[in-house]
Amino acid sequence: MNKKEEQYEMRKWQILDIALNHFIQYGFYGTSTRKIAEEAGISSGLMFHYFPNKLALYEALVEIGCEKLTIDSGEGESPLVFFERQIEWFLSVATQNNFASRMFVFMGLVAINAKDVSERAVQMMKNHDVEALSVPYIEKGQELGVIREGDPLTLSVLFYSSIQGFAETLVARNDLKLPEKEWFLAILRNEKKQ
């Protein structure tokens with residue numbers, strides 16, 4: 001990558017970082033591209049060189065978030081090991097109040113509001129539905145007796161919602177300690193098998 005391409009990429013990520021904060025704080029309709037450009041120290045015209053409109057900026061962030069939501073199939077591993085890896089990834093990201101940790105908050109908002117903003121964002125979210133993609137692991141764990149009984153999708157949603165909720169709180173508060181992996185796993189673990 002030459003210097004000009006490197007500067008282009010740096011500016012693009014600066015815009016995305018600022019936009020992420022604005023979408024979290026003001027929502028899609030309350031976010032102003034003019035204010036994002038102003039905060040980035042560039043003109044609105046230059047910003048549109050990177051992203052043609054606010055929707056393209058929003059969809060770029062959703063795409064980045066969805067890329068991170070892809071789960072590794074972990075073929076052959078125990079279902080609890082699969083979920084333990086999900087927690088380990090979250091805890092490694094959550095230790096920094098940076099772009100990645102703020103994406104948790106943004107993606108939670110996208111899950112609620114995308115239908116009012118972008119059909120493309122809705123489709124990206126459907127294609128990367130970690131909760132639904134994790135159902136086979138819960139079903140297998142239930143068959144093995146290591147995951148508690150109950151509706152697999154509901155258990156998956158409960159597990160990921162606890163992670164999502166903690167991530168959102170962690171971004172807002174800096175006085176929290178990271179929880180133990182076991183605290184999240186306890187949501188799924190079949191305690192009768194202990």
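Arg34 is partly exposed, with a relative accessible area of 47%. In this predicted model, Arg34 pairs with Glu38 in a salt bridge, and the closest N and O atoms are 3.7 Å apart. Glu38 counts as exposed, at 57% relative accessibility. Both residues belong to helix α2 (residues 33–40). They sit four residues apart, about one turn of the helix. An α-helix has 3.6 residues a turn, so residues three or four places apart point the same way.

## Salt bridges

How many salt bridges does the whole structure hold? The search finds seven. Three of them are set out here, including the Arg34 pair.

| Salt bridge | N to O distance | Accessibility of the Glu | Accessibility of the Arg |
|---|---|---|---|
| Glu38 and Arg34 | 3.7 Å | 57%, exposed | 47%, partly exposed |
| Glu59 and Arg120 | 3.5 Å | 13%, buried | 40%, partly exposed |
| Glu182 and Arg189 | 2.8 Å | 35%, partly exposed | 16%, buried |

The side chains of Glu59 and Arg120 meet at 3.5 Å, N to O. Glu59 lies in helix α4 (residues 54–68) and Arg120 in helix α7 (residues 119–127), so this salt bridge ties together parts that are 61 residues apart in sequence. Glu59 counts as buried at 13% relative accessibility, because buried means under 20%. Arg120 is partly exposed, at 40%.

Glu182 and Arg189 form another salt bridge, at 2.8 Å. Here Glu182 is partly exposed, with a relative accessible area of 35%. Arg189 is buried, at 16%. Salt bridges also share partners: Glu59, Glu63 and Arg120 join into one network.

## Aromatic pairs

The structure holds 17 aromatic pairs. One of them is Phe23 with Phe106, a tilted pair. The ring centres of Phe23 and Phe106 are 6.2 Å apart, with 40 degrees between the planes. Phe23 belongs to helix α1 (residues 3–30) and Phe106 to helix α6 (residues 99–113), so the pair ties together parts that are 83 residues apart in sequence. Are these two rings buried or exposed? Phe23 is buried, at 3% relative accessibility. Phe106 is buried too, at 1%.

Phe159 and Tyr160 give another geometry. Their ring centres are 4.9 Å apart and their planes stand at 80 degrees, so the pair is edge-to-face. Phe159 is buried, at 0% relative accessibility. Tyr160 is buried as well, with a relative accessible area of 12%.

Which residues do ring pairs link into a cluster? The cluster holds Phe23, Phe28, Tyr29, Tyr58 and Phe106. A charge is placed over one of these rings: Lys54 lies over the face of Phe28, at 4.6 Å from the ring centre.

## Helix α1

Where does α1 bend? The bend is at Ile24 and amounts to about 85 degrees. The end-to-end span of α1 is also short of the straight value. A straight helix of 28 residues would span 40 Å, at 1.5 Å a residue. Helix α1 spans only 35 Å between its end C-alpha atoms.

Several residues of α1 are buried. They are Ile15, Leu16, Ile18, Ala19, Leu20, His22, Phe23 and Phe28. What covers the buried residues of α1? The cover includes α2, α3 (44–50), α4 and α6.

## Gly45 and the whole chain

Gly45 is found in helix α3. Gly45 is exposed, with a relative accessible area of 54%. The C-alpha atoms of Gly45 and Leu155 are separated by 47 Å. Along the chain, Gly45 and Leu155 are 110 residues apart.

The protein chain has eleven helices and zero strands. Along its principal axes, the C-alpha trace spans about 60 × 35 × 35 Å. Of the 194 residues in the chain, 42% are buried. Contacts reach across the sequence: among those between residues at least 6 apart, 70% join residues at least 24 apart.

Technical notes:
Residues numbered from 1 in each chain as written. Heavy atoms only, no water. Salt bridge = Lys/Arg side-chain N within 4 Å of Asp/Glu carboxyl O. Helix = DSSP H or I, 4+ residues; strand = E, 2+ residues; numbered from the N terminus. Buried < 20%, exposed > 50% of the residue type's maximum accessible area, 1.4 Å probe, protein only. Phe/Tyr/Trp six-rings, centres within 6.5 Å; stacked < 30°, edge-to-face > 60°. Lys NZ or Arg CZ within 6 Å of the ring centre and 35° of its normal. Expected span 1.5 Å × (residues − 1). Bend = angle between axes of the 7 residues up to and from the residue. Contact = heavy atoms within 4.5 Å.
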